[in-house]
Amino acid sequence: MSKNFTENKAAPPPAPAKEVASGTCVLGPTLHFKGELYGEEDLEFQGQLEGSIEHTRSLSIGKEGGVTGNIKAKFVIVEGRVDGDIYASESVQIRQSAKVKGNIFAPRVGIADGANFSGSIDMNHKGAAATTRPATVQVTLSDPAAERLLTKAAG
Amino acid sequence: MSTSNERMSVFGPTLRFKGELKAQEDIKIEGRIEGSIHHQQKVVVGQKGEVVATVNAAQIDVDGRVQGDMSAKKSIKVSQSAVVRGNLRAPSVSITEGANFNGGVTMESNAGSQGSSTGAGR
C-alpha cells in the first residue's frame, strides 16, 4: 500500500496567486474572433469571441468581453458575458459585473454578490481537477496487493 | 496615424488562433493566426508573428511571417525581417531590402477588399 503514497510526486509548487500583470496580453474591445483561440500566457480578453478558448494560464474576460463558447484555462476570471461552459484546473471567479450562462467545472469557484449566473457548478469534475487535486489515493487493479487479494478470492 | 500606439492590442506570442478575426483597432500580432483577418485599422505582424491568412486592413506592417494575400486601403510595409509569401495589393507598397518576399504586387486601390472605399488612387 505504501507504493501508492510514493507515487505522489512532489506536488507542483503553489502557483503565485498573482502572476505578473505586466506580461498580460490585452485584446481590445473591437476585436471579434470567430474560431478557436489557444494561449499560454495571461490574457485579458475585452473583445467578442464565438468559438472556444483553450488556455494554460490565467484568463480574464473583461467587462466589455463576451464569449459564446466553451472556455478552458487554469484560472478564469469573468467580468463580462459568457454563454458556454467554463472549465478551470484551478479556479473560476465570477465577478459582480459578470453575466454567465453555462456550467462551471473547477475545484474552486467564487461568485460575487450581484453577478448574474445561471447554470450548474461541478467542483469534482475529473477533467478540471485532475491536475491539481492533492494526493487522492487511487488503488488500481494492477496494484500487487489488490491483485493478490483478487487472486486469493478467486482461488 | 502611423504612430497611434496608444490603443494597440497585442496578440501575444503564445496565442494561437484559428478562424476569423475582425477588429476596428490597431493590433500587433506576435502569435499565430490561421484563417482570415478583416481589419479597419492598422495591423502589425510582429517579428514573432506568424499569419497564415488573407489579411484586409487599412494599413499593414509586416515584421514577421505571412503566408497569404494581403490587401490594404492605405499601405503595406514589408520590413527587413519579414518573410512573406502571397500577393500584396495597396495604393502604396514598400519592401525593405533584405526582406524575403515571394508574390505579386498590385499598387492600386483595393476594390476587391472591404466596403466603404475611400476612393484612394483615383
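**Nonpolar core.** I began with the largest nonpolar core of this predicted model, and found that, of its 55 residues, Val76(A) and Val43(B) touch the most other members. I then asked which element gives this core its largest share, and noted that strand β6 of chain B, residues 50–62, supplies seven residues. For Val43(B) I listed the contacts, leaving aside neighbours within four places in sequence, and wrote down Ile27(B), Ile29(B), Ile37(B), Val55(B), Ala57(B) and Ile60(B).

**Chain A overall.** I turned next to chain A, where I counted three helices and 14 strands. Of the 155 residues in this chain, 30% are buried. I also looked up how far apart in sequence the contacting residues lie, and found that, among contacts in chain A with a separation of 6 or more, 8% join residues 24 or more positions apart.

**Where the chains touch.** I looked up the contact between the two chains and recorded 17 residues from chain A and 19 residues from chain B. On the side of chain B that touches chain A, β1 (9–11) and β2 (16–23) of chain B each supply at least two residues, and β2(B) gives the largest share, with eight residues. By kind, I sorted the residues of that side of chain B into seven nonpolar, six polar and six charged. I then followed β2(B) across to chain A, where its partner is strand β2 of chain A, residues 32–39, and the two pair in the antiparallel sense over seven bridges. To place one position in this pairing, I looked up Glu36(A), whose bridge partner in β2(B) is Lys18(B).

**Two glycines in loops of chain A.** Is Gly69(A) buried, partly exposed or exposed? I first located Gly69(A) in the loop between β6 (66–68) and β7 (71–78) of chain A, and I entered it as partly exposed because 19 other C-beta atoms lie within 10 Å, whereas a buried residue needs 20 or more. Not counting residues up to four places away in sequence, Gly69(A) touches Leu49(A), Glu50(A), Gly51(A), Ser52(A) and Gly84(A). I also noted that the C-alpha atoms of Gly69(A) and Ile86(A) are separated by 8.8 Å, although these residues are 17 residues apart along the chain.

I then went to Gly114(A), which lies in the loop between β12 (108–111) and β13 (116–118) of chain A. I entered Gly114(A) as exposed, because it has 10 other C-beta atoms within 10 Å and the cut-off for an exposed residue is 12 or fewer. Between the C-alpha atoms of Gly114(A) and Ile94(A), which are 20 residues apart along the chain, I noted a separation of 9.7 Å.

Key. Residues are numbered from 1 along each chain as its sequence is written. Chains are lettered from A and ligands numbered from 1 in the order in which they are written. This is a predicted model: local features need pLDDT of at least 70, side-chain atom pairs count only at pLDDT 80 or more; totals for chains, interfaces and linings use all residues. Helices (H or I, at least four residues) and strands (E, at least two) are DSSP runs, numbered from the N terminus. Two residues are in contact if their C-beta atoms, placed from the backbone, lie within 7 Å. Ala, Val, Leu, Ile, Met, Phe, Trp, Tyr, Cys and Pro count as nonpolar, Asp, Glu, Lys and Arg as charged, and the others, Gly among them, as polar. Two strands pair if DSSP finds at least two bridges between them. A nonpolar core is a set of buried Ala, Val, Leu, Ile, Met, Phe, Trp, Tyr and Cys residues joined through C-beta atoms within 7 Å.
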